[in-house]
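Here's a quick tour of one model, written for someone who likes cut-offs spelled out. Have a look at the fold, then read on.

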Amino acid sequence: MLSLLTISYGIAGLALLGLIKSVSRAKHLGHIPTIGYSSPLFKILDSIRIIWYGRDIIQHGYNVHRNGVFKLSTLDTGWVVVLNGQKNVDAVRKARRSQLSLMKRGSELFQLDYTIGKHITENPYHLELIGRHLMRNTERFYPHIQDEVTTCFSALVPSNSEDWTTLGAFSTSIHVISRISARIFVGLPLSRNNEYCDMTVQIAMEITKGRLLHYVPVAFRPLAAKLISDANGIVKRTAAILEPTLRYRETQERLHGPQWPGKPDDLISWLLDEATGEERTTYNISMRVLLTSFVSTHTTAMVLTHALYDLLIRPSLLNEIRAEITRAFDRGKWTKESISELHLCDSFIREILRYHGISGWSMPRYVLDDFILPDGRIIPAGNFIAVNAWGTHRDEENYSSPHEFDPYRFLEADGSQKIISTMPTLEYLAFGHGRTVCPGRLYAVAELKIILAHMLCNFDIKLEDGQTTRPDNEWIESDILPNRNAKIMIRERSII
């Protein structure tokens, strides 16, 4: 019988083999300049270094290869080719989906085929559905967002009390956004089901664990996936929760037709309307609901946390935005028109995404078919590419004083808007660009405005213990996270 030490050595050896394979695969990229070393041994060191120094490496690549391209090594996916300059951004924007794939990139990065199955990659029909429903008449979701925000903060903050309640800024943002997402995606009463809401938060960690499979030889990945990630288990537990709802809706459809009376307008209904065959199973519907929740919850929560930190160290800005909200909300409810009147708030959100962002690069793609750059160089199929958002957003040719945070940057002198926060351009890459631009960006920005409006107008808020400096962001490889440990203090606001 093998000893525990022998098994441990075996696992360590397999992991090292996978690591070396991951960082040494060239994929015919010798013609692309490298930031860092080219030898296999030192590439491993570079792949580790980028975890802590991603910001500096990505900016250095932009400075050295301005309007060009470079490659850098990462621990799991190996080489990533990073594109600088508007011509390269435009080339990615115009590329066919059969040539550059966002979905395949996500599937490869998180090894979804092994953790939850191949359905997502082979048939990502839910992406088009989300874009169609969230971009069309977003206003219909405003009452649900407002109701859920009110319910969340009523439970978190005591009423009629002068005492401060201390909350984790990031964890509170995750909690509030996940509840809102649940309301929009599965509706009441499921959105108030604590077990379901926990699943929508936990799935993020389990999906992320799939990246560890890059260190495991392909033949062992199906087994390793069961040991490393519980994503499949979370989908199954979620399916058990959603099963009665799905069966009820299918029964109503059989009895009364596809537009049966009282049919909810949520993600479950959208999926059932579109899915056929095996895609209508409870497991596959639940999988798509969870993945949509994963994407929508964490990115929006990061932006909300950034917004809180930036407001709480700028009391005058907070008061200006609060006054703007008060003027727009005097009709008693949020409408498309009143949301669009929040010009300063909109400029503030766009500047957060420019200055902080959520990733050092944008428009990540997996190359399905050889991709020809504007300068004639070819990125062969099988490689990962991305555009340099961090460098683009700090380029003095794109923005004046780009290293300063300016919440008024996107306003005219008279307070009108130069450009709305959700509009992608070749120098503004927060939502991506082109055919796969973020489909839920209009909804997400409206959601942020409604949450901020509720918090600013109903509560006094400050950083813990009167802190006046902004909590530092955290960089992990290319990911930019707001400080996850900082706390805010909040109490019901006295309005005289």
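β5 and β8 run antiparallel, joined by 3 bridges; two strands count as paired here if DSSP finds at least two bridges between them. Across that pairing, Y366 stands opposite F384 in β8. Y366 also shows up in the pairing of β5 with β3, as the bridge partner of S101. That β3–β5 pairing is antiparallel as well, over 2 bridges. Strands are DSSP runs of E with at least two residues, helices are runs of H or I with at least four residues, and both are numbered from the N terminus.

Keep in mind that this is a predicted model: local features need pLDDT of at least 70, side-chain atom pairs count only at pLDDT 80 or more, and totals for chains, interfaces and linings use all residues. Residues are numbered from 1 along each chain as its sequence is written, and side-chain values use heavy atoms, with hydrogens and water left out.

**The sheet and its helices**

Zooming out, the strands belong to an open sheet of 5 with mixed pairing, in the order β1-β2-β8-β5-β3. Because β1 (69-74) and β3 (100-101) each have a single partner strand, they stand at the edges and one side of each is left without a neighbour in the sheet. β1 joins β2 (residues 78-83) through 6 antiparallel bridges, with V69 partnered by L83. Helix α3 (residues 86-94) packs on the sheet and touches β1, β2, β3, β5 (362-367) and β8 (384-387), where contact means heavy atoms within 4.5 Å. The direction of α3 makes about 60° with that of β5; axes are lines fitted to C-alpha atoms, for helices over the stretch in contact, and angles run from 0 to 180 degrees between N-to-C directions.

How much of β5 is covered? It's mostly covered: 6 of its 6 residues are buried, meaning under 20% relative accessible area (exposed is over 50%, partly exposed in between; 1.4 Å probe, protein chains only).

α4 lies across β3, β5 and β8, at about 80° to β5. In α4 (residues 102-110), the buried residues are M103, R105, G106, S107, L109 and F110. S101 caps the N-terminal end of α4, with a side-chain oxygen 3.4 Å from the backbone nitrogen of M103. Just after α4, Q111 takes a positive phi of about 50°.

**A helix pair elsewhere**

Helices α15 (residues 315-328) and α17 (residues 343-355) have axes that come within 8 Å and cross at roughly 130°. The two are therefore oblique to each other; that label covers whatever isn't under 35 degrees (roughly parallel), over 145 (roughly antiparallel) or 65 to 115 (roughly perpendicular). L317, E320, I321 and E324 of α15 meet H343, L344, C345 and F348 of α17.

**Salt bridges**

A search of the whole structure turns up 32 salt bridges, each a side-chain nitrogen of Lys or Arg within 4 Å of a carboxyl oxygen of Asp or Glu. Here are some of them:

| Pair | N to O distance |
|---|---|
| D230 and R237 | 2.7 Å |
| K263 and D273 | 2.7 Å |
| D310 and R314 | 3.2 Å |

K263 sits in the loop between α12 (231-256) and α13 (267-274) while D273 is in α13, so this pair ties together parts that are 10 residues apart in sequence. D310 is buried at 1% relative accessible area, whereas R314 is partly exposed at 23%. There's also a network of salt bridges linking E243, R247, E250, E253 and R280.

Note on methods: A polar contact is a pair of N or O atoms within 3.5 Å; within protein, one must be able to donate a hydrogen and the other to accept it, and residues adjacent in sequence count only if both atoms are side-chain atoms.
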